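Welcome, and please open the model in your viewer. We will go from stop to stop, selecting a few residues each time.

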Amino acid sequence: MRGNLSDTFNLISKLSVKRFWNIIIVYISFHYSRLSGRTLHPAMPVSISIEPTTSCNLRCPECPSGLRSFSRPTGMLDPEFFRKIVDQIKDKIFYLTFYFQGEPFLNPDFLEMVSYASSKKMYTATSTNAHYLSDEVARKTVESGIDRLIISIDGLSQETYEQYRKGGSLSKVIEGTKRIVAWKRKLNSLKPFLVFQFLVVRTNEHEIDEVRKLARELGVDKVVFKTAQVYDFKNGNDLIPLNEKYSRYRKMSDGTYEIKNILENQCWKLWHSSVITWDGNVVPCCFDKDAGHKMGTLHEKTFSEIWNDSGYLAFRKSLLANRKEIDICKNCSEGTGVWAG
(Lines give C-alpha, C1' and ligand atoms only; values in the text may rest on other atoms or scores of the structure.)
Protein backbone atom coordinates (compact mmCIF):
# COMPACT_ATOMS: atom_id res chain seq x y z
CA MET A 1 0.00 0.00 0.00
CA ARG A 2 2.77 2.42 0.93
CA GLY A 3 4.50 1.76 -2.38
CA ASN A 4 1.31 2.40 -4.35
CA LEU A 5 0.69 5.71 -2.57
CA SER A 6 4.29 6.78 -3.04
CA ASP A 7 4.11 6.01 -6.75
CA THR A 8 0.84 7.92 -7.10
CA PHE A 9 2.26 10.99 -5.39
CA ASN A 10 5.41 10.71 -7.51
CA LEU A 11 3.31 10.60 -10.68
CA ILE A 12 1.27 13.63 -9.61
CA SER A 13 4.45 15.53 -8.81
CA LYS A 14 5.38 15.42 -12.51
CA LEU A 15 2.34 17.50 -13.47
CA SER A 16 2.75 21.12 -14.47
CA VAL A 17 -0.07 23.48 -15.41
CA LYS A 18 0.56 22.81 -19.13
CA ARG A 19 0.61 19.05 -18.65
CA PHE A 20 -2.50 19.03 -16.50
CA TRP A 21 -4.42 21.21 -18.94
CA ASN A 22 -3.30 18.94 -21.80
CA ILE A 23 -4.75 15.91 -19.97
CA ILE A 24 -8.11 17.66 -19.63
CA ILE A 25 -8.21 18.53 -23.34
CA VAL A 26 -7.25 14.96 -24.30
CA TYR A 27 -10.08 13.58 -22.17
CA ILE A 28 -12.66 15.99 -23.59
CA SER A 29 -11.44 15.47 -27.17
CA PHE A 30 -11.68 11.70 -26.91
CA HIS A 31 -15.24 11.67 -25.63
CA TYR A 32 -16.33 14.33 -28.12
CA SER A 33 -14.85 12.29 -30.97
CA ARG A 34 -16.33 9.04 -29.65
CA LEU A 35 -19.82 10.50 -29.49
CA SER A 36 -19.73 12.67 -32.61
CA GLY A 37 -17.57 10.56 -34.93
CA ARG A 38 -15.38 13.59 -35.65
CA THR A 39 -11.64 13.31 -35.02
CA LEU A 40 -11.18 16.50 -33.02
CA HIS A 41 -7.84 16.45 -31.21
CA PRO A 42 -6.31 19.85 -30.36
CA ALA A 43 -4.05 18.38 -27.63
CA MET A 44 -0.84 16.39 -27.46
CA PRO A 45 -0.86 12.83 -26.08
CA VAL A 46 -0.33 12.22 -22.38
CA SER A 47 2.19 9.41 -22.79
CA ILE A 48 4.75 8.17 -25.28
CA SER A 49 6.40 4.77 -25.67
CA ILE A 50 9.85 4.92 -27.23
CA GLU A 51 11.91 1.92 -28.29
CA PRO A 52 15.50 1.68 -26.99
CA THR A 53 16.21 -1.30 -29.24
CA THR A 54 14.63 -4.14 -31.18
CA SER A 55 17.33 -6.55 -30.01
CA CYS A 56 16.58 -9.23 -27.43
CA ASN A 57 18.49 -12.02 -25.76
CA LEU A 58 15.47 -14.34 -25.48
CA ARG A 59 13.40 -16.30 -28.00
CA CYS A 60 9.82 -15.91 -26.80
CA PRO A 61 7.50 -17.73 -29.23
CA GLU A 62 4.87 -15.00 -29.79
CA CYS A 63 7.24 -12.04 -29.92
CA PRO A 64 8.69 -10.53 -33.12
CA SER A 65 11.92 -9.71 -31.28
CA GLY A 66 12.21 -13.26 -29.96
CA LEU A 67 11.36 -14.77 -33.32
CA ARG A 68 13.70 -12.38 -35.16
CA SER A 69 10.81 -11.89 -37.56
CA PHE A 70 10.73 -8.12 -38.10
CA SER A 71 10.38 -6.83 -41.64
CA ARG A 72 11.40 -3.36 -40.39
CA PRO A 73 15.04 -2.48 -39.61
CA THR A 74 16.52 -3.48 -36.26
CA GLY A 75 18.88 -1.33 -34.24
CA MET A 76 19.51 0.95 -31.24
CA LEU A 77 18.02 4.31 -30.31
CA ASP A 78 20.66 7.04 -30.55
CA PRO A 79 20.92 9.12 -27.33
CA GLU A 80 21.42 12.45 -29.14
CA PHE A 81 18.35 11.81 -31.29
CA PHE A 82 16.45 10.81 -28.15
CA ARG A 83 17.31 14.09 -26.41
CA LYS A 84 15.97 16.03 -29.41
CA ILE A 85 12.69 14.10 -29.18
CA VAL A 86 12.35 14.75 -25.45
CA ASP A 87 13.01 18.46 -25.94
CA GLN A 88 10.14 18.53 -28.46
CA ILE A 89 7.56 16.82 -26.26
CA LYS A 90 8.47 17.57 -22.62
CA ASP A 91 6.17 20.55 -22.06
CA LYS A 92 2.93 18.58 -22.39
CA ILE A 93 3.81 14.87 -22.45
CA PHE A 94 4.92 13.62 -19.05
CA TYR A 95 4.75 9.80 -19.06
CA LEU A 96 7.57 8.17 -21.01
CA THR A 97 7.80 4.40 -21.41
CA PHE A 98 11.15 3.08 -22.61
CA TYR A 99 9.77 0.03 -24.29
CA PHE A 100 8.12 -1.19 -27.47
CA GLN A 101 9.99 -4.27 -28.67
CA GLY A 102 13.34 -5.70 -27.56
CA GLU A 103 15.23 -5.66 -24.25
CA PRO A 104 15.97 -2.04 -23.20
CA PHE A 105 19.10 -2.85 -21.18
CA LEU A 106 20.85 -4.07 -24.33
CA ASN A 107 21.14 -0.44 -25.42
CA PRO A 108 24.40 0.75 -23.78
CA ASP A 109 23.02 4.31 -23.51
CA PHE A 110 19.69 3.30 -22.02
CA LEU A 111 20.20 4.58 -18.47
CA GLU A 112 21.77 7.80 -19.73
CA MET A 113 18.55 8.44 -21.68
CA VAL A 114 16.46 7.64 -18.61
CA SER A 115 18.46 10.17 -16.60
CA TYR A 116 17.90 12.83 -19.25
CA ALA A 117 14.13 12.30 -19.31
CA SER A 118 14.07 12.27 -15.49
CA SER A 119 15.89 15.61 -15.46
CA LYS A 120 12.98 17.04 -17.47
CA LYS A 121 10.57 15.84 -14.75
CA MET A 122 9.03 13.17 -16.94
CA TYR A 123 7.67 10.00 -15.34
CA THR A 124 9.85 7.21 -16.72
CA ALA A 125 9.07 3.51 -16.95
CA THR A 126 10.44 0.43 -18.65
CA SER A 127 9.87 -3.30 -18.98
CA THR A 128 12.75 -5.77 -18.79
CA ASN A 129 13.47 -9.49 -18.66
CA ALA A 130 15.97 -8.62 -15.88
CA HIS A 131 18.86 -10.68 -17.26
CA TYR A 132 21.28 -7.72 -17.26
CA LEU A 133 20.76 -6.38 -13.73
CA SER A 134 24.25 -6.91 -12.37
CA ASP A 135 25.08 -5.16 -9.11
CA GLU A 136 26.57 -2.19 -10.96
CA VAL A 137 23.67 -1.92 -13.41
CA ALA A 138 21.14 -2.23 -10.57
CA ARG A 139 22.83 0.65 -8.75
CA LYS A 140 22.89 2.80 -11.90
CA THR A 141 19.25 1.94 -12.56
CA VAL A 142 18.17 3.28 -9.17
CA GLU A 143 20.47 6.32 -9.57
CA SER A 144 19.01 7.08 -13.02
CA GLY A 145 15.77 8.19 -11.38
CA ILE A 146 13.59 5.74 -13.28
CA ASP A 147 10.14 5.80 -11.72
CA ARG A 148 8.75 2.37 -12.62
CA LEU A 149 10.54 -0.88 -13.40
CA ILE A 150 8.45 -3.76 -14.76
CA ILE A 151 10.15 -7.14 -14.50
CA SER A 152 8.77 -10.04 -16.53
CA ILE A 153 8.61 -13.18 -14.43
CA ASP A 154 6.55 -15.75 -16.28
CA GLY A 155 7.10 -18.82 -14.14
CA LEU A 156 8.26 -19.82 -10.67
CA SER A 157 10.41 -22.77 -11.64
CA GLN A 158 12.96 -22.88 -14.43
CA GLU A 159 10.79 -25.46 -16.16
CA THR A 160 7.68 -23.29 -16.29
CA TYR A 161 9.62 -20.06 -16.88
CA GLU A 162 11.43 -21.29 -19.99
CA GLN A 163 8.24 -22.63 -21.55
CA TYR A 164 7.66 -19.07 -22.76
CA ARG A 165 10.91 -17.24 -21.98
CA LYS A 166 13.00 -19.40 -24.30
CA GLY A 167 16.67 -19.15 -23.47
CA GLY A 168 16.00 -17.36 -20.21
CA SER A 169 17.12 -18.00 -16.63
CA LEU A 170 14.69 -17.60 -13.74
CA SER A 171 17.56 -17.34 -11.26
CA LYS A 172 18.89 -14.26 -13.11
CA VAL A 173 15.45 -12.64 -12.86
CA ILE A 174 15.23 -13.23 -9.12
CA GLU A 175 18.82 -12.14 -8.46
CA GLY A 176 18.33 -9.00 -10.54
CA THR A 177 15.18 -8.18 -8.60
CA LYS A 178 17.00 -8.63 -5.29
CA ARG A 179 19.76 -6.26 -6.42
CA ILE A 180 17.28 -3.53 -7.35
CA VAL A 181 15.55 -3.85 -3.97
CA ALA A 182 18.91 -3.81 -2.17
CA TRP A 183 20.09 -0.66 -3.94
CA LYS A 184 16.79 1.10 -3.28
CA ARG A 185 17.43 0.49 0.41
CA LYS A 186 21.11 1.44 0.27
CA LEU A 187 20.33 4.69 -1.53
CA ASN A 188 17.21 5.33 0.58
CA SER A 189 15.13 5.61 -2.60
CA LEU A 190 11.45 4.90 -3.06
CA LYS A 191 12.06 4.54 -6.79
CA PRO A 192 11.73 2.65 -8.96
CA PHE A 193 8.24 1.39 -8.19
CA LEU A 194 8.86 -2.30 -8.77
CA VAL A 195 6.33 -4.44 -10.65
CA PHE A 196 6.33 -8.16 -11.37
CA GLN A 197 4.52 -8.79 -14.66
CA PHE A 198 3.31 -12.35 -15.00
CA LEU A 199 2.25 -13.40 -18.49
CA VAL A 200 -0.38 -16.06 -17.85
CA VAL A 201 -0.14 -19.09 -20.14
CA ARG A 202 -1.35 -22.65 -19.71
CA THR A 203 1.95 -23.91 -18.30
CA ASN A 204 2.17 -21.34 -15.49
CA GLU A 205 -1.43 -20.47 -14.59
CA HIS A 206 -1.24 -22.73 -11.51
CA GLU A 207 1.47 -20.42 -10.08
CA ILE A 208 -0.60 -17.24 -9.83
CA ASP A 209 -0.91 -17.31 -6.03
CA GLU A 210 2.75 -18.23 -5.61
CA VAL A 211 4.01 -15.22 -7.58
CA ARG A 212 2.12 -12.90 -5.24
CA LYS A 213 3.86 -14.55 -2.31
CA LEU A 214 7.28 -14.29 -3.95
CA ALA A 215 6.72 -10.61 -4.69
CA ARG A 216 5.99 -9.91 -1.02
CA GLU A 217 9.06 -11.84 0.08
CA LEU A 218 11.38 -9.97 -2.31
CA GLY A 219 9.99 -6.49 -1.66
CA VAL A 220 8.29 -6.05 -5.04
CA ASP A 221 5.58 -3.37 -4.89
CA LYS A 222 2.97 -4.85 -7.23
CA VAL A 223 2.07 -7.88 -9.33
CA VAL A 224 0.30 -7.55 -12.67
CA PHE A 225 -1.13 -10.52 -14.55
CA LYS A 226 -1.12 -10.09 -18.30
CA THR A 227 -2.90 -12.10 -20.96
CA ALA A 228 -0.82 -13.60 -23.76
CA GLN A 229 -1.26 -12.45 -27.33
CA VAL A 230 -1.45 -15.46 -29.63
CA TYR A 231 -1.29 -14.88 -33.37
CA ASP A 232 -2.83 -18.22 -34.37
CA PHE A 233 -5.66 -18.68 -31.88
CA LYS A 234 -8.75 -19.63 -33.90
CA ASN A 235 -8.27 -23.40 -33.58
CA GLY A 236 -6.76 -23.23 -30.12
CA ASN A 237 -3.18 -22.89 -28.94
CA ASP A 238 -1.19 -24.57 -26.19
CA LEU A 239 -0.39 -21.16 -24.70
CA ILE A 240 -4.05 -20.23 -24.04
CA PRO A 241 -4.76 -20.76 -20.32
CA LEU A 242 -7.69 -22.88 -19.19
CA ASN A 243 -8.81 -20.18 -16.76
CA GLU A 244 -10.65 -17.85 -19.13
CA LYS A 245 -10.22 -14.92 -16.73
CA TYR A 246 -6.58 -14.74 -17.80
CA SER A 247 -7.16 -15.31 -21.50
CA ARG A 248 -7.77 -12.84 -24.32
CA TYR A 249 -9.86 -15.53 -26.00
CA ARG A 250 -13.03 -17.51 -25.32
CA LYS A 251 -13.84 -21.00 -26.55
CA MET A 252 -16.94 -21.23 -28.73
CA SER A 253 -19.44 -24.09 -28.85
CA ASP A 254 -17.87 -25.41 -32.07
CA GLY A 255 -14.46 -25.67 -30.37
CA THR A 256 -12.91 -22.65 -32.07
CA TYR A 257 -11.74 -19.52 -30.23
CA GLU A 258 -12.55 -15.85 -30.62
CA ILE A 259 -11.09 -12.75 -28.98
CA LYS A 260 -13.13 -11.51 -26.02
CA ASN A 261 -12.79 -7.86 -26.88
CA ILE A 262 -15.85 -6.76 -28.85
CA LEU A 263 -13.79 -4.03 -30.57
CA GLU A 264 -16.08 -1.06 -30.27
CA ASN A 265 -15.42 1.75 -32.71
CA GLN A 266 -13.33 3.73 -30.24
CA CYS A 267 -9.87 3.51 -28.69
CA TRP A 268 -8.52 5.67 -25.89
CA LYS A 269 -4.95 4.86 -26.95
CA LEU A 270 -5.29 6.80 -30.21
CA TRP A 271 -6.03 9.96 -28.24
CA HIS A 272 -3.78 9.70 -25.18
CA SER A 273 -0.65 7.86 -26.36
CA SER A 274 1.69 7.10 -29.24
CA VAL A 275 4.73 4.96 -30.05
CA ILE A 276 8.13 5.88 -31.48
CA THR A 277 10.42 3.22 -32.94
CA TRP A 278 14.19 3.26 -32.36
CA ASP A 279 14.75 4.87 -35.77
CA GLY A 280 12.20 7.65 -35.31
CA ASN A 281 9.04 6.35 -36.92
CA VAL A 282 5.78 7.26 -35.20
CA VAL A 283 3.17 4.49 -35.11
CA PRO A 284 -0.31 4.55 -33.55
CA CYS A 285 0.04 1.99 -30.77
CA CYS A 286 1.97 -0.93 -29.30
CA PHE A 287 0.03 -3.49 -31.36
CA ASP A 288 1.70 -2.22 -34.53
CA LYS A 289 4.82 -4.23 -33.76
CA ASP A 290 6.20 -4.19 -37.28
CA ALA A 291 5.43 -0.48 -37.82
CA GLY A 292 3.04 -1.20 -40.66
CA HIS A 293 1.05 1.96 -40.01
CA LYS A 294 3.76 4.60 -40.05
CA MET A 295 2.30 8.02 -39.33
CA GLY A 296 5.55 9.84 -40.09
CA THR A 297 9.21 10.05 -39.19
CA LEU A 298 10.82 12.38 -36.66
CA HIS A 299 13.77 12.80 -39.02
CA GLU A 300 11.50 14.86 -41.28
CA LYS A 301 8.84 16.40 -39.01
CA THR A 302 8.34 17.26 -35.36
CA PHE A 303 6.17 14.99 -33.25
CA SER A 304 3.50 17.69 -33.00
CA GLU A 305 3.34 17.97 -36.80
CA ILE A 306 2.95 14.20 -37.18
CA TRP A 307 0.38 13.93 -34.37
CA ASN A 308 -1.88 16.47 -36.09
CA ASP A 309 -1.12 15.47 -39.68
CA SER A 310 -3.69 14.14 -42.14
CA GLY A 311 -2.40 10.55 -41.83
CA TYR A 312 -3.03 10.38 -38.09
CA LEU A 313 -6.42 12.06 -38.46
CA ALA A 314 -7.40 9.58 -41.19
CA PHE A 315 -6.35 6.62 -39.03
CA ARG A 316 -8.45 7.87 -36.08
CA LYS A 317 -11.38 8.43 -38.43
CA SER A 318 -11.16 4.89 -39.82
CA LEU A 319 -11.07 3.52 -36.28
CA LEU A 320 -14.20 5.45 -35.31
CA ALA A 321 -15.93 4.16 -38.47
CA ASN A 322 -15.00 0.46 -38.37
CA ARG A 323 -12.28 -0.66 -35.99
CA LYS A 324 -12.68 -4.34 -36.87
CA GLU A 325 -11.28 -3.65 -40.33
CA ILE A 326 -7.92 -2.43 -38.98
CA ASP A 327 -5.45 -5.32 -38.89
CA ILE A 328 -3.57 -4.33 -35.72
CA CYS A 329 -6.85 -4.01 -33.81
CA LYS A 330 -8.01 -7.56 -34.48
CA ASN A 331 -5.95 -9.08 -31.64
CA CYS A 332 -6.20 -6.10 -29.31
CA SER A 333 -6.74 -6.56 -25.58
CA GLU A 334 -7.59 -2.94 -24.84
CA GLY A 335 -10.07 -3.08 -21.99
CA THR A 336 -9.66 -6.85 -21.45
CA GLY A 337 -5.97 -7.60 -21.04
CA VAL A 338 -4.51 -6.88 -17.61
CA TRP A 339 -5.39 -7.64 -13.99
CA ALA A 340 -3.42 -6.38 -11.03
CA GLY A 341 -2.92 -8.37 -7.86
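Does V201 count as buried or exposed? Select this residue in the predicted model and look around it. V201 has a relative accessibility of 2%, so it counts as buried, the cut-off being under 20%. You will find it in the loop that runs between β5 (193–200) and α9 (208–218). Show the residues it touches: apart from those up to four places away in sequence, these are A228, L239 and P241. Now add T54 to the selection. From C-alpha to C-alpha, T54 and V201 are 24 Å apart in space, with their positions 147 residues apart in sequence.

**Into the core**

Next, select F82, L96, F98, F196 and F303. These are the residues with the most contacts inside the largest nonpolar core, which has 89 residues. Helix α8 gives the most to this core, namely six residues. As background, nonpolar side chains in soluble globular proteins tend to be buried together.

Stay with F98 and display its surroundings. Leaving out neighbours within four places in sequence, its contacts include F82, F110, M113 and A117. I50, P52 and P104 are also among the contacts of F98.

**Two helix pairs**

Select helix α4 (residues 79–89) together with helix α5 (residues 110–119). Their axes come within 10 Å and cross at roughly 20°. Since angles under 35 degrees count as roughly parallel, α4 is roughly parallel to α5. The crossing of this pair is right-handed. To see where they meet, show P79, F82, R83, V86 and D87 on α4, and E112, M113, Y116 and A117 on α5. Sorted by class, the contact of α4 with α5 has six nonpolar and three charged residues, and no polar ones.

Now select helix α6 (residues 135–143) and helix α8 (residues 170–186). The axes of α6 and α8 cross at roughly 50° and come within 9 Å. That angle makes α6 oblique to α8. Here too the viewer should show a right-handed crossing. On the α6 side, display D135, A138, R139, T141 and V142; on the α8 side, R179, I180, W183 and K184. The contact between α6 and α8 has four nonpolar, four charged and one polar residue.

**After the end of α8**

Move on to the loop between α8 and β5, where N188 lies. N188 is not a glycine, yet its phi is positive, at about 55°. With a relative accessibility of 73%, N188 counts as exposed. In this loop you can also pick out P192. Zoom in on the bond between K191 and P192: this is a cis peptide bond, with omega about 0°. For context, most peptide bonds are trans, and most residues other than glycine have a negative phi.

**Another positive phi**

Which way does the phi of A291 point, positive or negative? Select A291 and check: phi is near 55°, a positive value in a residue other than glycine. A291 sits in the loop between β10 (281–283) and β11 (296–297). A291 has a relative accessible area of 15%, so it is buried.

**Last stop: a strand**

Finally, select S47, in strand β1 (residues 47–50). S47 counts as buried, at 13% relative accessibility. Display I93, Y95, H272, S273 and S274 around it: S47 is in contact with these residues, leaving aside its neighbours within four places in sequence.

Technical notes: Residues are numbered from 1 along each chain as its sequence is written. This is a predicted model: local features need pLDDT of at least 70, side-chain atom pairs count only at pLDDT 80 or more; totals for chains, interfaces and linings use all residues. Side-chain values use heavy atoms; hydrogens and water are left out. Axes are lines fitted to C-alpha atoms, for helices over the stretch in contact, and angles run from 0 to 180 degrees between N-to-C directions. Helices (H or I, at least four residues) and strands (E, at least two) are DSSP runs, numbered from the N terminus. Angles under 35 degrees count as roughly parallel, over 145 as roughly antiparallel, 65 to 115 as roughly perpendicular and the rest as oblique. A crossing is left-handed if the near helix is turned anticlockwise from the far one by less than a right angle, and right-handed if clockwise. Contact means heavy atoms within 4.5 Å. Ala, Val, Leu, Ile, Met, Phe, Trp, Tyr, Cys and Pro count as nonpolar, Asp, Glu, Lys and Arg as charged, and the others, Gly among them, as polar. A nonpolar core is a set of buried Ala, Val, Leu, Ile, Met, Phe, Trp, Tyr and Cys residues joined through side-chain atoms within 4.5 Å. Buried means under 20% relative accessible area, exposed over 50%, partly exposed in between (1.4 Å probe, protein chains only).
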